[in-house]
Amino acid sequence: MWDWLIAPLQYEFMVKALLVSGFVGVVCGVLSCYMTLKGWALMGDAVAHAVTPGVVLAYVLNLPLAVGAFVFGVGSVWLMGWIQKQTRIREDAVMGVVFTGLFALGLVLISKTPSNVDFLHILFGNVLGIPTWEMVQTLVMGGLTLGVLLVFKNDLLLFCFDPTHARSIGINITGLHYLLLTLLSLTIVVALQTVGIVLVVAMLITPGATAYLLTDRFDRMLILAVLSGLGASGLGTYLSYYLDAATGGCIVLVQTLLFFLAMVGAPKYGLFRGGRRSG
Amino acid sequence: MRQPPSIALENVTVTYHDQVALHGINLALPPGTIVGLVGMNGSGKSTLFKTIMGFITPKTGRVWIEGLPIHQAQKQGWVAYIPQSEQVDWQFPVSVQDVVMMGRYGYINWLRIPRPIDRRMVEMSLRQVDMLPLKNRQIGELSGGQKKRAFLARALAQQAHILLLDEPFNGVDMKTEREIIQLLMQLRDAGHTILVSSHDLSGISTFCDQIIFINQTILAYGATQEVFTPENLNRTFGVPLPGIIP
Ligand SMILES: Nc1ncnc2c1ncn2[C@@H]1O[C@H](COP(=O)(O)OP(=O)(O)O)[C@@H](O)[C@H]1O
Ligand SMILES: [Mg+2]
């Protein structure tokens, strides 16, 4: 067992991969609590797909990928809001239309760009081959996102729980709404290297959902989500090394497994609970 | 010196995309009273609440909270809104204490790390509504009356002078209704101004000092025993309601 853990660490790429995916697991773990509680699962998926053309354009124009992702992330949300105002189509349908449309644009752009192997990495992640400067970029952006999330921890919680009250005591909830969207866009960029666009939504939801099954206190939920995000990233990366399988897929599989374990075993809300209530 | 009215509206008109929801509203609610806001569904009760909280800017007219414009009064934390039960996610992972602490956010620095005084205020507010022993309960594990009391404690921790309750008796059993009314009367006696809306007449005349009858505009406003008449009920609900007047 010890050997199983230590042996891969002689390779630099494994050390880097573990560092990056572990850190991504932590950042996503924190954000996923808010996504779960706000009911933004579909929103997360929508924004993750909608950033694709932005990432491609940024790559072509030699800008930081984060800039492209950010512009398209926030832009797509603005576009969804605008369409909803103009028509009588429901929010989920608007999201479906906008994010698939933007994702399609991204795919077309990819197919028209030379050297499009890089974009496969954006779609499916490539943490085992992450270059050092991208690793640094990921760590810095992730650190920034994590810092802002922790500073606004309580305001964001209030925003998720009772925006009316927040507003009635003069807290700027439009600001918090866009802050959370911005953090969502940034987290997606941070997670792209590890799991890719296709699976990033799992990172944004599953750890929070798992933790929600295990506790009914927010602070504990945060800790459990971070632990499950971190654990899944680490274990998933090792599995991917030994099985020679896609890293993003392995990480998400472990996360899903943790979710089902929590669902079966949770003391209070699990299938075999002995707890106080059945809800 | 005369105290300014708790809530004053001057010739307020509110529209939703050119559709008039409220017009010609003039009101001046005195401090330390319970005022019932009675009208049918769609008569503009919730719209009036949102206007008083500054969520809707009136098309014409002005709103004053204790003599100040709304947004200044908000910064002072003077107005508290107690949400309807259906608007709250009771599965949310917060305890009673966490919810009451949210009333302090306007006073705490931007990191929202509670100071000793905030903890004391939370404790005092919980005691005032008799919820101290339940402070560590997750909010979903409370009875209907306890849930309302938790949110009233939040309003007290906020040091709000004005409490707005939109249809607090919807889907609430008799015992819970009694409990809430009891507490509202205590808070009124402590000097709070309380505005309670209702789309029916269940018990409203028994504890409200004043009543506003509303249907897009104010049909009648005054002391309960003066305005609670068959004519006004008829004008408000459009049908005679025999047997309700004692
Ligand atoms: N956001 C809105 N957009 C358009 N019309 C609205 C909106 N909210 C309320 N209305 C309309 O305004 C009127 C008053 O509604 P409301 O204040 O909710 O009444 P009440 O709370 O007394 O049932 C109704 O006709 C309602 O359809
Ligand atoms: Mg209403």
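Begin by selecting ligand 1 in this predicted model, together with the residues around it: Y16(B), A21(B), M40(B), N41(B), G42(B), S43(B), G44(B), K45(B), S46(B) and T47(B). Colour this shell by residue class; three nonpolar, six polar and one charged residues will appear.

Next, display the polar atoms of the ligand and of its surroundings. Select Y16(B) and show its side chain: an N or O atom there is 3.4 Å from a nitrogen atom of ligand 1. Move then to G42(B), where the backbone should be shown, since the partner here is a backbone N or O atom, placed 2.7 Å from an oxygen atom of the ligand. At G44(B), a polar backbone atom is again involved, with an oxygen atom of ligand 1 at 3.1 Å. Taken on its own, ligand 1 has 560 Å² of accessible area, and the protein covers 57% of this.

Switch to a cartoon view and select helix 1 of chain B, residues 45–52. This helix gives the most to the shell around ligand 1, contributing three residues.

The last stop is helix 5 of chain B, residues 144–157. Place a distance marker between the C-alpha atoms at its two ends; they are 20 Å apart. This agrees with expectation, because 14 residues at 1.5 Å a residue should span 20 Å. Is helix 5 of chain B mostly covered or mostly uncovered? A surface display helps here: the helix is mostly covered, with 13 of its 14 residues buried. Finally, select Q159(B), which follows helix 5 of chain B and has a positive phi, near 60 degrees.

Note on methods: Residues are numbered from 1 along each chain as its sequence is written. Chains are lettered from A and ligands numbered from 1 in the order in which they are written. This is a predicted model: local features need pLDDT of at least 70, side-chain atom pairs count only at pLDDT 80 or more; totals for chains, interfaces and linings use all residues. Side-chain values use heavy atoms; hydrogens and water are left out. A residue is near a molecule or strand if one of its heavy atoms lies within 4 Å of it. A polar contact is a pair of N or O atoms within 3.5 Å; within protein, one must be able to donate a hydrogen and the other to accept it, and residues adjacent in sequence count only if both atoms are side-chain atoms. Accessible areas come from the Shrake-Rupley method with a 1.4 Å probe; for residues, only the protein chains shown count as cover. Helices (H or I, at least four residues) and strands (E, at least two) are DSSP runs, numbered from the N terminus. Ala, Val, Leu, Ile, Met, Phe, Trp, Tyr, Cys and Pro count as nonpolar, Asp, Glu, Lys and Arg as charged, and the others, Gly among them, as polar. The expected span of a helix is 1.5 Å times one less than its number of residues. Buried means under 20% relative accessible area, exposed over 50%, partly exposed in between (1.4 Å probe, protein chains only).
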